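Colleague: Would you walk me through the empty spaces and a helix pair in this model? I would like to hear the reasoning behind each label.

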Amino acid sequence: MSSPSDPLAALGSLPGVAESVDSVRKAVDRVYGHRVMRRRGAEITSEAALRGARGSAALSGADWALEEVRRRTDFGTEEQALTVGAALRLTAEAGQLLSIWRQSPLRVLARLHLVASGSTGAGAGAGDVVGRPRLAGEPVDEPLVEFPLPGADEVAGRLDGLSRLIIAGGSAPALITGAVVHGELLALRPFGTHNGLVARAAERIVLINSGLDPKAICPAEVGHAEQGAQAYLEAFGGYVSGTPEGMAAWIAHCGRAIELGVRESTAVCEALQRGAA
């Protein structure tokens, strides 16, 4: 982050990052060029949303089979069901917030947390803790992420800094911006619950809004889940470390996640082409 004017773009000079950016761009271009996309793109988008939500929920401890997620309509009050329901709502909501993101990212994050929590606040605590960053002394329920938790003052400052970077824009590729937004939100865990789901939804918004994946057919959440929770947390540890090597490893991990999401949607395209779906 050596460039004060465009710190995200400066990450592109880290070892291996440019190669990851190029590999992701080529993979995305290939799936967008698939002949099925010209005729049945809406179906690919819908399927990618479902599979992305399933992947995000899996990384938050609710690793359900895809067909179980597809067939269920009632997500009740059981913890894993609530998590899957929250992931589905977030994926649906992300596309409605694109125009707001570049002007008011903190407003979008608040909305994402409200949506994840559900209209009644189920599973997210009560009162005014839903939809706002936590205050000093308020607990965080994110059991799968055990890295040190920043204090409320640090959270507020870093959220403000992240917001300024997003609003300022810049020349950083979507992969880098998405990885930093994802990593920063997961590191801060600004809300009492659902931080992982919100972080991955925010990454989705960046990838769509940047123009890399405008039709939302490259679900990075699928790739994050496919690489496994252990690899996800190990790569995230690199982000938390703040070292050049750690940051590069996290960005590469996020790049691989997008490529695996591309592979998933390519398989869906092929199945539709064969008439198998």
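Modeller: Gladly. A cavity is a set of grid points where a 1.4 Å probe fits but cannot get out, and its volume is the space filled by probe spheres set on those points. By that reckoning, the second largest cavity holds about 40 Å³. Please keep in mind that this is a predicted model.

Colleague: How do you know which residues line the second largest cavity?

Modeller: A lining residue has an atom within 4 Å of a grid point. For the second largest cavity, the lining consists of S56, A87, L90, T91, L197, R200, A201 and E221. Two elements, α5 (79-94) and α10, give two or more residues to this lining.

Colleague: What makes up the lining of the second largest cavity by class?

Modeller: Ala and Leu count as nonpolar, Asp, Glu, Lys and Arg as charged. The lining of the second largest cavity then has four nonpolar, two polar and two charged residues.

Colleague: How many cavities of 30 Å³ or more does the search find?

Modeller: The whole structure yields two of them, and the largest has about 70 Å³ of space. Its lining is R200, E203, R204, L207, I208, D213, A216, I217, C218, P219, A220 and E221. Here α10 (195-209) and α11 (220-227) each bring at least two residues, with α10 giving the largest share, five residues. Seven lining residues of the largest cavity are nonpolar, none is polar and five are charged.

Colleague: Why are α8 and α9 called roughly antiparallel?

Modeller: Angles over 145 degrees count as roughly antiparallel. The axes of α8 (residues 152-168) and α9 (residues 174-188) cross at roughly 170° and come within 11 Å, so the two helices are roughly antiparallel to each other. V155, R158, L159, L162 and I166 of α8 make the contact with V180, V181, E184, L185, A187 and L188 of α9. By class, the residues of that contact are nine nonpolar, no polar and two charged.

Colleague: What makes a space a pocket rather than a cavity?

Modeller: A pocket is an open set of points, with protein on both sides within 12 Å along at least five of seven lines. The largest pocket has a volume of about 460 Å³. It is lined by 27 residues, of which S60, E79, T83, D141 and P143 are the closest to its centre.

Colleague: Which element gives the most to the lining of the largest pocket?

Modeller: That is α5, with six residues. The lining of the largest pocket has 13 nonpolar, nine polar and five charged residues.

Key:
Residues are numbered from 1 along each chain as its sequence is written. This is a predicted model: local features need pLDDT of at least 70, side-chain atom pairs count only at pLDDT 80 or more; totals for chains, interfaces and linings use all residues. Side-chain values use heavy atoms; hydrogens and water are left out. On a 1 Å grid over the protein atoms alone, a cavity is a set of points where a 1.4 Å probe fits but cannot get out, and a pocket is an open set with protein on both sides within 12 Å along at least five of seven lines; lining residues have an atom within 4 Å of a point. Helices (H or I, at least four residues) and strands (E, at least two) are DSSP runs, numbered from the N terminus. Axes are lines fitted to C-alpha atoms, for helices over the stretch in contact, and angles run from 0 to 180 degrees between N-to-C directions. Angles under 35 degrees count as roughly parallel, over 145 as roughly antiparallel, 65 to 115 as roughly perpendicular and the rest as oblique. Contact means heavy atoms within 4.5 Å.
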